[in-house]
Amino acid sequence: MTHEAAAAIAESPSDGARVLDDAPAIEARAISKRYEDGTRRREVVSEVSLVVPRGALWVLRGPSGSGKTTLLGLLGAMITPTSGEVLVCGEALSRLRDHHRTRARRRLVGFVFQELALVPGMTLTENVLLPLVPSGGATAAQRAHAAALLERFGLSAFAETRIERLSGGERQRGAVARALVNEPPVLLLDEPTAHLDAARVIDVVAMLAALRDEGRTIVATTHDPRLAESAAVDRVLDLADGRVVAG
């Protein structure tokens, strides 16, 4: 698990984020991200503006190096833009202090990493409940909610199974359950169909469509046409060299 992923999972959820019911789920205002490497400056995302409405399923499509994973991190306030602003459910997150941004993000956004970032040696249930640990641990209601998520995703039988004993598809569904344990309105997924066979891709698309139909806003990155070309997807944005070039 990467340091960034571990830090994100362990951060405390917000108890005071301001959610505006009439605001878009995500709004990016001319966001860019540049990295300095000695004398070399690299712009990974360049002047991207977009508005994702509530209850939509969007896909960011592009090859490796197109900037889609960095853009996803910017949209979810996992990464701070070099310039521009990101609002999630009307809450301006980009310029908040780290602590306040973390609290707001953990309340508003669920994130599923490409590598899933589940913790070996822990059971599936322990992994799903991990985001609740810094706030004092799960309440009885939160444990019941976690159990309901596992049941929904067909994982109840593996609740006390250690992560390393689960299949790839089971781990992925477990990561989605963990991302939803705080009941965020926005769900972001990085390459959710990577390395999955055709049957599993169909399952993932159906799962995302069902979550969208319940009112969640979902944005996923992909270079997989099986996801990007699905009829369930509301909009596809094509990225190249850190810019939206179509969609």
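Begin by selecting Ser46, and you will find that, leaving aside residues up to four places away in sequence, Ser46 touches Ile31, Ser32, Gly242 and Arg243, where contact means heavy atoms within 4.5 Å. Ser46 sits in strand β2, residues 40–52; helices (H or I, at least four residues) and strands (E, at least two) are DSSP runs, numbered from the N terminus. Ser46 counts as buried because its relative accessibility is 4%, given that buried means under 20% relative accessible area, exposed over 50%, and partly exposed in between, with a 1.4 Å probe and protein chains only. Show the side chains here, and a polar contact of 2.9 Å appears between Ser46 and Glu43, while another, of 3.0 Å, joins the side chains of Ser46 and Arg243. A polar contact is a pair of N or O atoms within 3.5 Å; within protein, one must be able to donate a hydrogen and the other to accept it, and residues adjacent in sequence count only if both atoms are side-chain atoms.

**Before going further**

This is a predicted model, in which local features need pLDDT of at least 70 and side-chain atom pairs count only at pLDDT 80 or more, whereas totals for chains, interfaces and linings use all residues. Residues are numbered from 1 along each chain as its sequence is written, and side-chain values use heavy atoms, with hydrogens and water left out. Colour the chain by pLDDT, the predictor's confidence in each residue from 0 to 100: the chain averages 89, and 91% of the residues score at least 70. Residues 1–18 have a pLDDT below 50, and this stretch has 46 contacts in the model beyond near neighbours in sequence. Where pLDDT is low, the predicted coordinates should not be read in detail.

**The four-stranded sheet and helix α2**

Next select β2, β1, β4 and β5, which in that order form an open sheet of four strands with antiparallel pairing; two strands pair if DSSP finds at least two bridges between them. β2 and β5 (91–92) stand at the edges with a single partner strand each, so one side of each is left without a neighbour in the sheet. At the β5 end, strand β4 (residues 83–88) pairs with β5 in the antiparallel sense over two bridges, and Leu87 has Ala92 in β5 as its bridge partner.

Now add helix α2, which lies across β1 (26–37), β2 and β4 and runs at about 125° to β1; such axes are lines fitted to C-alpha atoms, for helices over the stretch in contact, and angles run from 0 to 180 degrees between N-to-C directions. Helix α2 (residues 68–75) is mostly covered, with seven of its eight residues buried, including Leu71, Leu72 and Leu74. After α2 comes Ala77, which has a positive phi near 60°.

**The six-stranded sheet**

Move on to the open sheet of six strands, ordered β6-β7-β8-β3-β9-β10, where the pairing is mixed. Its edges are β6 (109–112) and β10 (243–246), each with a single partner strand, so one side of each is left without a neighbour in the sheet. From one strand to the next, the twist averages 25°.

At one edge, β6 pairs with strand β7 (residues 186–190) in the parallel sense over four bridges, and Gly110 stands opposite Leu187 in β7. Helix α3 (residues 98–108) lies across β6 and β7, running at about 80° to β6. At the other edge, select Val245 in strand β10, which is exposed, with a relative accessible area of 55%.

**The loop between β6 and α4**

Which two residues should you look at in this loop? Leu116 lies there with a positive phi near 75°, and Ala117 lies there too with a positive phi near 60°. Most residues other than glycine have a negative phi. Leu116 counts as buried at 16% relative accessibility, and Ala117 is buried with a relative accessible area of 3%.

**The nonpolar cores**

Finish with the largest nonpolar core, which has 40 residues, those with the most contacts inside it being Val112, Phe153, Val176, Leu187 and Leu189. A nonpolar core is a set of buried Ala, Val, Leu, Ile, Met, Phe, Trp, Tyr and Cys residues joined through side-chain atoms within 4.5 Å. Helix α7 gives the largest share of this core, seven residues. Apart from this core lies another, of 33 residues, among them Ala28, Leu60, Leu74 and Ile79.
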